[in-house]
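Subject: Structure handover

Hello,

Here is the structure I said I would pass on. My notes on what was found in it follow below.

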Amino acid sequence: MKGWQFTKTHEPLQLVELEDPKAAPGRVVIDTKAVGLCHSDVGSLEDEGWMALMDAPVIMGHENAGVISEVGEGVTDFKVGDRVAICPTGPSRTAPGYAYDGGFGTKIHAPAEDLVRVPDELSMEMAASATDAGMTSYSALFNVGQAKPGMNIALIGIGGLGQIALQAAIAKGIKNIYAADVSEKARELAKEIGAVEVVSDIKDLADKDLDLIVDYAGFGVTTSDALEVVKPGGTVVLVGMGKLETTINTTSFITGAKRLLANVGGTPQDIADIYELMAAGKLNPKLTKIKFEDIPEGIEKLKAGEVQGRLVAVYDGDE
């Protein structure tokens, strides 16, 4: 197998060849068909704070979909040939691309308990995009944020996660949904999806009596500004890790009895729920496809803000 391996912060990914994995008890081997690229991949290469999460050297890639090529002893719910995705925050509490080799490699040795079946009508690139961008955006908005029709809600960052959350919110009948993004292309996408108002800065929505703001960007100032803007008693959910720290105004935070909550990942059921919306045609995120050999270049494009929607590497024969 081949893969793009992380060694340490500030070092480029290395293309390596390793012995093919063999399925251990309770695990399966998956032939990777598609893998999403995420801003956290950029962070892993740029910010030393990520080293605590990485079992380096490790092949990166935590948004994975593929076909099972081998099952280990004790695996009864899945068989060779099944189309599956991996929940990166599943019951095993281990994440591909961090704790073990992920989808920037041609094969993945994954715990069977973290798998989610991919419906036949979904492409592998769509399935991969849902494993983090879909699952995390859905969980943050509906499970942690408790979004419901009738609430005034704003989303910061209409990238891979934010665009899926926006579509899911509209699909579930939330009408008062706003969007903020510094990118003109992202703002155009938000308008196209159906946000009632789109701005470049969350502070421009201070008069909207916002019950909930979900920060899918997480660039420090986005979070602190969200806490200033959300109404008294309102909630901000922090998802993005564009920067690993922020500074907040504790006066307005405390006197306004506001809440700041965090979301990390989600569950296999969240992925299944996203797949249901996708299969029904209610959720169709914009994807930009690249090839396996272009993964390092793709990460650089993410870093430079040159990608619209979700970036997905599709392996040979699966475009």
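To start with one residue: does Lys231 count as buried, partly exposed or exposed, and at what relative accessibility? Lys231 counts as partly exposed, at 26% relative accessibility. Please keep in mind that this is a predicted model.

Salt bridges

Lys231 forms a salt bridge with Asp211, with 2.6 Å from N to O. Asp211 sits in the loop between strand 11 (197-199) and strand 12 (212-215), while Lys231 sits in the loop between helix 5 (221-229) and strand 13 (235-238), so this pair ties together parts that are 20 residues apart in sequence. Asp211 has a relative accessibility of 19% and counts as buried; the cut-off for buried is under 20%.

The whole structure holds 9 salt bridges. One of them joins the side chains of Lys303 and Glu46, at 3.1 Å from N to O. Lys303 belongs to helix 8 (residues 295-303) and Glu46 to helix 1 (residues 39-46), so the bridge ties together parts that are 257 residues apart in sequence. Both ends are partly exposed: Lys303 has a relative accessible area of 44%, and Glu46 is at 38% relative accessibility.

Another pairs the side chains of Asp82 and Lys79, at 2.9 Å from N to O. Here Asp82 counts as buried, at 8% relative accessibility, whereas Lys79 counts as exposed, at 52%.

On shared partners, Lys79, Asp82 and Arg117 are joined into one network of salt bridges.

The sheet

There is an open sheet of 6 strands, with parallel pairing and the order 11-10-9-12-13-14. Strand 11 and strand 14 (259-262) are the edge strands, each pairing on one side only. From one strand to the next, the twist averages 20°.

Within this sheet's order, strand 12 comes next to strand 13. The two run parallel and are joined by 4 bridges. Ile213 stands opposite Val236, which is in strand 13.

Which strands does helix 5 lie across? They are strand 9 (153-156), strand 12, strand 13 and strand 14. Relative to strand 12, helix 5 runs at about 180°. As noted above, the loop that holds Lys231 lies between helix 5 and strand 13.

Regards

Terms used. Residues numbered from 1 in each chain as written. Predicted model: local features only at pLDDT ≥ 70, side-chain atom pairs only at ≥ 80, totals over all residues. Heavy atoms only, no water. Salt bridge = Lys/Arg side-chain N within 4 Å of Asp/Glu carboxyl O. Buried < 20%, exposed > 50% of the residue type's maximum accessible area, 1.4 Å probe, protein only. Pairing = 2+ DSSP bridges. Axes fitted to C-alpha atoms, helices over the stretch in contact; angles between N-to-C directions. Contact = heavy atoms within 4.5 Å.
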